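The following exercises ask the reader to describe a protein model step by step. Each task is followed by a worked solution.

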Amino acid sequence: MSHTSNLENAAPGTKIVGAGRRKEWTGPVVNPPVWRASTHLYENTAALAEGPRHNEDGRFFYGRRGAPTQWALSEALTQLEPGAAGTVLYASGVAAIAGALLTVLKPGDVVLISDNAYDPSRSMGKGLLSDFGIEPRFFDPLDIPAYEALFCERTRAVLLEAPGSLSMEVCDLPELARIARAKGAVSVLDNTWAGPLGFQALEKGIDITLMALTKHVGGHSDLMMGSASAGPELYAKLRERAQQLGTVVSPDDAALALRGLRTLHLRLQQETESALAIAQWLSQRPEVAQVFCPMLPGAPGHDLWKRDFTGGCGLFSFAFKGGDAAARNRFVDALSLFGLGFSWGGYESLALPVDPGNYRSCMVWPPKPAAPADRFGVRLAIGLEDTGDLIADIEQALGAWSAA
Ligand SMILES: *Cc1c(COP(=O)(O)O)cnc(C)c1O
């Protein structure tokens, strides 16, 4: 029996369990073994001579093109992404962003970068891409006329991300992608937050969809990886560029990512439910000015989230009503169930002091009509701990915020 047949129309849980489990890769066991391989051996000189003539997925050649462990992960991600012809794996989420942009851009081109993109994406525009003669221009994804006016003859790509990094507002992704396509530019979406279960990017008009697998797909804070999925034409280009850049991921990490993937839908469901309850609770607190959680009715972009997304996750932010950085830091330091660190998407909760205004060229933080004083933010990544325990922990830490 093939595990991967009839997955196309299956519900997310069924797809996640079956995806990528080709019998020829798993053998008689449930998961594909970890194929550690640089050299792939050939039967004879005729087979060796034939080797370089074929460059297709799922074909042995040499370690840099992977082996069944990486192929299984890549195929699983492709099966989860409606409209995808294939998925390239990268050493990290940032490597996936660089890999995709270096596929669709060349010297002299202009790339439009969402002003609320992940900061390393912004830095990539100002550093790597600028160094290679590609001009980055930042735009406010909530101001569609201004975005449309920013396109020029040389605009070849648009980098989108939703919800926005740290500030968590949702923009009109289908409309931004539609305009990019009409202007002859490739839209690239960093879809790490929702993933393919929460936002079916290619079906919504995005050309290339990326994820930091480091976050929810890995899911256990123990690996770094990224992915880019696209339809046939762009997938072929991504794959070719990745081969030219020497991109490869370790089979051990691919096996870990596959293991994480199998519970993705359950973890996301639990996180989303818990995050929404905590966001609702926070929005009632006198210490809190605003909660930036796409799933929360009334939060910035909630209506677009509801229209376009089929799921969420545990990552959201809030801003204190006044106070200062020291009070905000007292709150973070007083938390006991939340780790303090970058990243998110693991099984454990994390908190991070955030000042999105430091990472914006044209968007305003805090967003209007918030008072400028209400700018000290905290980003929470809600993990799988008990929701009531997390709320109790936040409540006692709010006491430390108030204690001047
Ligand atoms: C973490 C993150 C990345 C980068 O992923 P790494 O694997 O850490 O390089 C990219 N985009 C978003 C939205 C992220 O949160």
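Helices (H or I, at least four residues) and strands (E, at least two) are DSSP runs, numbered from the N terminus. The model examined here is predicted.

**Exercise 1. Describe how the chain is divided and how its domains are placed relative to each other.**

Solution. Step 1: the protein chain falls into domain 1 (12–261) and domain 2 (264–403). Step 2: a distance of 28 Å separates the C-alpha centres of domain 1 and domain 2. Step 3: the contact between them involves 40 residues of domain 1 and 37 residues of domain 2.

**Exercise 2. Identify the nonpolar cores and state which domains contribute to the largest.**

Solution. Step 1: the largest nonpolar core comprises 86 residues, and those with the most contacts inside it are Trp-193, Phe-316, Phe-331 and Leu-380. Step 2: at least three residues of this core come from each of domain 1 (12–261) and domain 2 (264–403). Step 3: another core, of 29 residues, lies apart from it, and Tyr-90, Ile-97, Ala-98 and Val-111 are among its members. Step 4: a general tendency provides the context, for in soluble globular proteins nonpolar side chains tend to be buried together.

**Exercise 3. Characterise the largest pocket by its volume, lining and composition.**

Solution. Step 1: the volume of the largest pocket is about 620 Å³. Step 2: its lining has 31 residues, of which Tyr-118, Ser-165, Lys-215, Trp-344 and Arg-379 lie nearest the centre of the pocket. Step 3: at least two lining residues are supplied by each of helix H5 (93–104), helix H6 (119–131), E6 and strand E11 (350–354). Step 4: by class, the lining of the largest pocket contains 19 nonpolar, seven polar and five charged residues. Step 5: each of domain 1 (12–261) and domain 2 (264–403) contributes at least three residues to this lining.

**Exercise 4. Repeat the analysis for the second largest pocket.**

Solution. Step 1: the second largest pocket holds about 500 Å³ of space. Step 2: 27 residues line it, and Asp-57, Trp-71, Ser-74, Thr-87 and Tyr-235 are those nearest its centre. Step 3: helix H4 (68–80), strand E1 (86–90) and helix H10 (232–245) each provide at least two lining residues. H4 gives the most, with six residues. Step 4: the lining of the second largest pocket consists of nine nonpolar, 10 polar and eight charged residues.

**Exercise 5. Locate the largest cavity and describe its lining.**

Solution. Step 1: three cavities of 30 Å³ or more are found in the whole structure, and the largest cavity contains about 70 Å³ of space. Step 2: residues lining the largest cavity include Trp-193, Met-211, His-216 and Leu-268. Step 3: helix H9 (195–198), strand E6 (208–212) and helix H12 (264–283) each supply at least two residues of the lining, and H9 gives the most, with three residues. Step 4: the lining of the largest cavity has nine nonpolar and three polar residues, and no charged residues. Trp-193, part of this lining, is also among the residues with the most contacts inside the largest nonpolar core.

**Exercise 6. Determine which residues of helix H11 are buried and what they pack against.**

Solution. Step 1: within helix H11 (residues 251–261), the buried residues are Pro-251, Ala-254, Ala-257, Leu-258, Gly-260 and Leu-261. Step 2: the buried residues of H11 pack against helix H1 (12–18), H4 and H12.

**Exercise 7. Examine the unusual backbone geometry in two loops.**

Solution. Step 1: the reference is that most residues other than glycine have a negative phi, and most peptide bonds are trans. Step 2: Ala-162 and Pro-163 are joined by a cis peptide bond, with omega about -5°. Pro-163 belongs to the loop between strand E4 (155–161) and helix H8 (173–182). Step 3: Leu-166 lies in the loop between E4 and H8 and has a positive phi, near 70°. Met-168 is also found in the loop between E4 and H8, with a positive phi of about 65°. Step 4: buried means under 20% relative accessible area; Leu-166, at 13%, is therefore buried, and Met-168 is buried because its value is 2%.

Step 5: the peptide bond from Trp-365 to Pro-366 is cis as well, with omega near -5°. Pro-366 lies in the loop between E11 and strand E12 (377–381), and its relative accessible area of 5% makes it buried. Step 6: not counting residues up to four places away in sequence, Pro-366 touches Ala-371, Pro-372, Asp-374 and Arg-375.

Methods:
Residues are numbered from 1 along each chain as its sequence is written. This is a predicted model: local features need pLDDT of at least 70, side-chain atom pairs count only at pLDDT 80 or more; totals for chains, interfaces and linings use all residues. Side-chain values use heavy atoms; hydrogens and water are left out. On a 1 Å grid over the protein atoms alone, a cavity is a set of points where a 1.4 Å probe fits but cannot get out, and a pocket is an open set with protein on both sides within 12 Å along at least five of seven lines; lining residues have an atom within 4 Å of a point. Grid points are joined across faces, edges and corners, and a volume is the space filled by probe spheres set on the points. Ala, Val, Leu, Ile, Met, Phe, Trp, Tyr, Cys and Pro count as nonpolar, Asp, Glu, Lys and Arg as charged, and the others, Gly among them, as polar. A nonpolar core is a set of buried Ala, Val, Leu, Ile, Met, Phe, Trp, Tyr and Cys residues joined through side-chain atoms within 4.5 Å. Buried means under 20% relative accessible area, exposed over 50%, partly exposed in between (1.4 Å probe, protein chains only). Domain bounds come from an automatic or database domain assignment. Contact means heavy atoms within 4.5 Å.
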